[in-house]
Amino acid sequence: MATQFTHTQADRLVGEAFAMRAPLAAWWQSHARDLPWRFGRTTPWGVLVCEVMSQQTQMSRVVPYWEAWMERWPDAAALAGAAKSDVITAWGRLGYPRRALRLQECAKVVADEYDDRLPDDYDRLVALPGIGDYTASAVLSFAFGRRIAVIDTNIRRVLSRAFLGEESLGGSATPAERELARLVLPGDARASVTWNQAIMEVGATVCLPKTPQCDDCPLAAACLFLELGWPHLGQRRTRPRQRFAGTDRQVRGKILHALRELPAGSVLAYDDAAALWEDRVQLDRCIASLDEDGLIEIVDGHALRLPR
DNA sequence: TTCCCGGGTC
DNA sequence: GACCCTGGAA
């Protein structure tokens with residue numbers, strides 16, 4: 001990996017990060033949201049479930065789903081043995097339901113290959129279905145207390161603003177962003193976990209994309225972005241706007257929602273599905289793609305149901 | 001009404 | 001680089 005910063009720059013970054021640690025840790029103590037998977041109240045598997053659910057949904061919406069999910073399927077083995085239809089139904093309206101199926105696939109591997117215990121090394125975690133770089137790193141840091149840089153868009157935004165004085169660009173994380181995250185991470189494992197959680201929390205609640213709340217920010221005293229007067233604030237959104245209305249995603253959501261509302265095991269007649277959407281070509285395409293994804297089954301060539 | 005703006009897969 | 005979902009906030 002090529003070095004992105006000069007020795008002088010790296011020294012400055014490490015020094016500034018060290019100065020931020022105490023105020024950031026103090027802020028975390030008093031401002032961390034009391035989410036049920038925090039502060040050692042769940043298992044590594046519970047942390048993984050919460051991270052997968054939070055990949056796509058605000059924490060406030062995740063909380064009730066996570067609590068019901070963990071009560072019903074407390075560990076990987078329990079989830080591995082569940083009916084797919086139950087898994088899809090319990091995922092409810094969290095969104096992106098293919099992830100519910102991947103989470104169950106992940107549970108099967110953990111139960112079968114790892115004796116129902118989540119592996120605690122990066123290579124094995126990232127090889128699990130539905131687990132990429134972010135989730136593997138988050139589990140290592142938050143569940144196992146390892147020292148590893150966690151990189152998501154919140155953390156990228158906060159670090160880029162505070163240390164470089166600029167907005168994080170769109171797309172995937174750059175080598176420079178990854179090196180920055182590694183440079184500023186405290187050397188002590190416990191301190192690194194607090195750092196990761198607190199930086200992420202600042203990004204979620206204070207250092208917002210369009211409206212940073214600098215008056216409430218524990219990093220304000222050292223923040224280069226604030227010092228420079230918010231240059232090009234919000235200039236680059238993390239990715240081009242993704243519309244929803246009228247897309248296949250909306251149609252797929254309507255079909256699955258109708259199926260979840262049905263009594264368990266019952267079938268949705270094609271005519272009832274057709275009533276959900278005017279464009280028959282698009283409807284048929286979405287039915288086919290849901291079938292390919294394993295989210296529905298087609299019965300007698302026509303009616304729909306959730307897979308067993 | 002528009003905005004929010006996610007990580008993983010193929 | 002395209003695709004996958006949602007509902008509450010602004």
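How much area is buried between domain 2 and domain 3? About 790 Å², and carbon and sulfur atoms give 60% of that area. Keep in mind on this tour that the model is predicted.

**Stop 1: colour the domains**

Select chain A and colour three parts. Domain 1 comes in two pieces, 7-34 and 148-227. Domain 2 covers 44-142. Domain 3 covers 248-305. Now look at domain 2 and domain 3 together. Their C-alpha centres lie 25 Å apart.

**Stop 2: where domain 2 meets domain 3**

Stay with this pair. Nine residues of domain 2 are in contact with eight residues of domain 3. Select Ile88, Arg93 and Arg98 in domain 2. These residues lose the most area to domain 3, together 49% of what the domain 2 side buries.

Next, show Arg98 and Asp293 as sticks. Here is a salt bridge, with the closest N and O atoms 3.9 Å apart. The count of salt bridges between domain 2 and domain 3 is one. Polar contacts also link the two domains: three residue pairs count, both partners being at pLDDT 80 or more.

**Stop 3: the helices on the domain 2 side**

Select helix H5 (84-91), then helix H6 (98-113). Each supplies at least two residues of the side that touches domain 3. Which helix gives the most to this side? H5 does, with three residues. Colour the touching residues of domain 2 by class. You will find four nonpolar, two polar and three charged.

**Stop 4: DNA strand C**

Select DNA strand C and show what lies around the strand. There are 13 surrounding residues. The closest are Arg93, Pro97, Phe244, Arg249 and Arg252. You have met Arg93 before, among the residues of domain 2 that lose the most area to domain 3.

Colour this surface by class too. Eight residues are charged, three are nonpolar and two are polar. Then select helix H13 (residues 248-261). H13 gives the most to the surface near strand C, with five residues.

**Stop 5: bases and backbone**

Which parts of strand C lie within 4 Å of the protein? Sugar or phosphate accounts for 59% of those atoms, and bases for the rest.

Zoom in on three side chains:

- Tyr96: an N or O atom of this side chain is 3.0 Å from a base nitrogen of strand C.
- Arg249: an N or O atom of this side chain is 3.3 Å from a base nitrogen of strand C.
- Arg252: a polar side-chain atom lies 2.2 Å from a phosphate oxygen of strand C.

Definitions and conventions: Residues are numbered from 1 along each chain as its sequence is written. Chains are lettered from A and ligands numbered from 1 in the order in which they are written. This is a predicted model: local features need pLDDT of at least 70, side-chain atom pairs count only at pLDDT 80 or more; totals for chains, interfaces and linings use all residues. Side-chain values use heavy atoms; hydrogens and water are left out. Domain bounds come from an automatic or database domain assignment. Contact means heavy atoms within 4.5 Å. Buried area is the accessible area (1.4 Å probe) that two parts lose on being put together, summed over both. A salt bridge is a side-chain nitrogen of Lys or Arg within 4 Å of a carboxyl oxygen of Asp or Glu. A polar contact is a pair of N or O atoms within 3.5 Å; within protein, one must be able to donate a hydrogen and the other to accept it, and residues adjacent in sequence count only if both atoms are side-chain atoms. Helices (H or I, at least four residues) and strands (E, at least two) are DSSP runs, numbered from the N terminus. Ala, Val, Leu, Ile, Met, Phe, Trp, Tyr, Cys and Pro count as nonpolar, Asp, Glu, Lys and Arg as charged, and the others, Gly among them, as polar. A residue is near a molecule or strand if one of its heavy atoms lies within 4 Å of it.
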